[in-house]
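Please look at the model below with two topics in mind, the domains of the chain and the surroundings of the ligand. The report takes them in that order.

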Amino acid sequence: MSKPRILSGIQTTGNLHLGNYLGAIRNWVEMQSDHECFLFMADLHAVTVPHDPAVLAENTFKVAATYIACGIDPAQSTIFIQSQLPEHSELAWLFNCVTPLGWLERMIQFKEKAVKQGDNVSIGLMDYPVLQAADILLYEPDSVPVGEDQKQHLELTRDIAARVNFQFGSEEKPVLKIPEPLIRKAGARVMSLTDGTKKMSKSDPSDQSRIDLTDDPQAITKKIKRAKTDPARGLEFDNPERPECNNLLSLYQLLSNQSKEAVAAECKEMGWGQFKPLLAETTVEALRPIQEKYHDLMSDRAYLNQVLADGKTKAQAIAAPTLAKVKAAMGFVQ
Ligand code: TYM
């Protein structure tokens with residue numbers, strides 16, 4: 001029996017933060033021994049907003065190094081760069097021609113990001129979820145492990161696959177496999193440190209709102225010290241009136257690898273003055289081995305290049321036949 005396949009990726013814009021780690025990468029690491037994993041750096045997605053050519057390539061290496069530093073093993077999982085496989089862009093074009101405009105106009109992330117861009121919104125930003133659908137469907141994965149914010153994009157992916165199957169396939173012979181989203185409860189929505197009702201995000205203008213995986217111990221401690229809290233006594237999960245409290249406790253739970261019940265009991269009587277140093281220390285210790293490995297990897301470019309070249313070959317072996325299948329079903333010259 002072959003292992004179930006998963007595919008996921010992260011956009012190569014800026015540093016990765018605790019949300020990317022707890023919502024995505026950590027779950028991939030847990031799954032990699034009993035899944036066939038395809039994990040990529042979404043650098044084509046990174047250019048949907050204005051970008052700096054001088055740092056794009058470096059950001060791609062940083063994300064690759066972060067995957068490996070967090071525990072993705074290149075001997076077990078396929079790690080590759082999206083832009084090195086033209087199959088992604090080509091399938092996105094084919095999907096563009098079957099996707100109704102109205103489906104894209106409804107995408108929450110597009111609406112949010114478009115507002116921030118003003119008049120400069122690119123077609124690429126709107127088309128972003130179609131490219132994402134191509135990223136996914138090329139590899140025929142069983143499931144796609146992501147954080148909660150990607151749910152709508154995964155629903156769109158399924159809709160596009162179903163439409164292609166309906167228009168160009170048959171029930172007995174579907175063109176594309178329809179994958180399942182995999183959104184874990186814990187860590188799926190890590191919130192901002194400055195506002196517990198907003199998700200932690202690379203695009204938040206305030207650096208205080210997130211903990212980057214490369215932040216040093218002083219920065220981590222300072223950000224947690226300044227994190228928004230509330231005046232209530234004792235700490236608790238799941239009180240809708242206390243979103244910051246739930247978020248900080250959840251971070252502690254995930255980073256200390258404890259059960260929710262154990263953390264609820266440990267922190268029930270604590271005040272912020274006692275809890276914040278505990279969370280800061282736990283975060284620093286959880287990130288320390290990741291950071292050490294990350295810095296080693298970033299100074300070994302030859303190794304990273306080899307991993308990415310191998311990843312490209314392995315990814316292409318799956319992506320190229322899927323693209324060929326779609327083109328054949330759509331009637332292109334064979
Ligand atoms: P991106 O780069 O915004 O985020 C990468 C992953 O991190 C998760 N994530 C979070 N999880 C919990 N709490 C948060 N605050 C948080 N912020 C981010 C995201 O849910 C995601 O799993 N469009 C995608 C990249 C992409 C992709 C794909 C993903 C392109 N093609 C195909 C899966 C499959 C994105 O921008 O994610």
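In this predicted model, the domain assignment divides the protein chain into domain 1, which covers residues 5-188 together with 301-330, and domain 2, which covers residues 207-296. The C-alpha centres of domain 1 and domain 2 lie 30 Å apart, and the contact between them takes 15 residues from domain 1 and 14 residues from domain 2. Between them the two domains bury about 1300 Å², and 71% of this area is on carbon and sulfur atoms. On the side of domain 1, the residues that lose the most area to domain 2 are Leu-18, Arg-26 and Ala-69, which together account for 38% of what that side buries.

The second topic is the ligand. The shell around the ligand holds 29 residues, of which Tyr-128, Gln-132, Asp-135, Asp-149 and Val-190 come nearest. When these shell residues are sorted by character, twelve are nonpolar, twelve are polar and five are charged.

Which elements of the chain each supply at least two residues of this shell? They are strand S1 (5-11), helix H1 (18-31), strand S2 (36-42) and helix H7 (123-137), and the largest share, five residues, comes from S1.

Some polar atoms of the protein and of the ligand can also be paired by distance, as the table sets out.

| Residue | Part of the residue | Ligand atom | Distance |
|---|---|---|---|
| Gln-11 | backbone N or O atom | oxygen | 2.9 Å |
| Asp-135 | side-chain N or O atom | nitrogen | 2.6 Å |
| Val-190 | polar backbone atom | nitrogen | 2.8 Å |

Asp-135 thus appears twice in this account, as one of the residues that come nearest to the ligand and as a residue whose side chain has an N or O atom 2.6 Å from a nitrogen atom of the ligand. Val-190 is likewise among the nearest residues, although here a polar backbone atom lies 2.8 Å from a ligand nitrogen atom. Taken alone, the ligand exposes 710 Å², and the protein buries 96% of that area.

Methods:
Residues numbered from 1 in each chain as written. Predicted model: local features only at pLDDT ≥ 70, side-chain atom pairs only at ≥ 80, totals over all residues. Heavy atoms only, no water. Near = heavy atom within 4 Å. Polar contact = N/O pair within 3.5 Å; in protein donor to acceptor, adjacent residues only side chain to side chain. Areas by Shrake-Rupley, 256 points an atom, 1.4 Å probe, with all protein chains shown as cover. Helix = DSSP H or I, 4+ residues; strand = E, 2+ residues; numbered from the N terminus. Nonpolar A, V, L, I, M, F, W, Y, C, P; charged D, E, K, R; others polar. Domains from an automatic or database assignment. Contact = heavy atoms within 4.5 Å. Buried area = accessible area lost by both parts, 1.4 Å probe.
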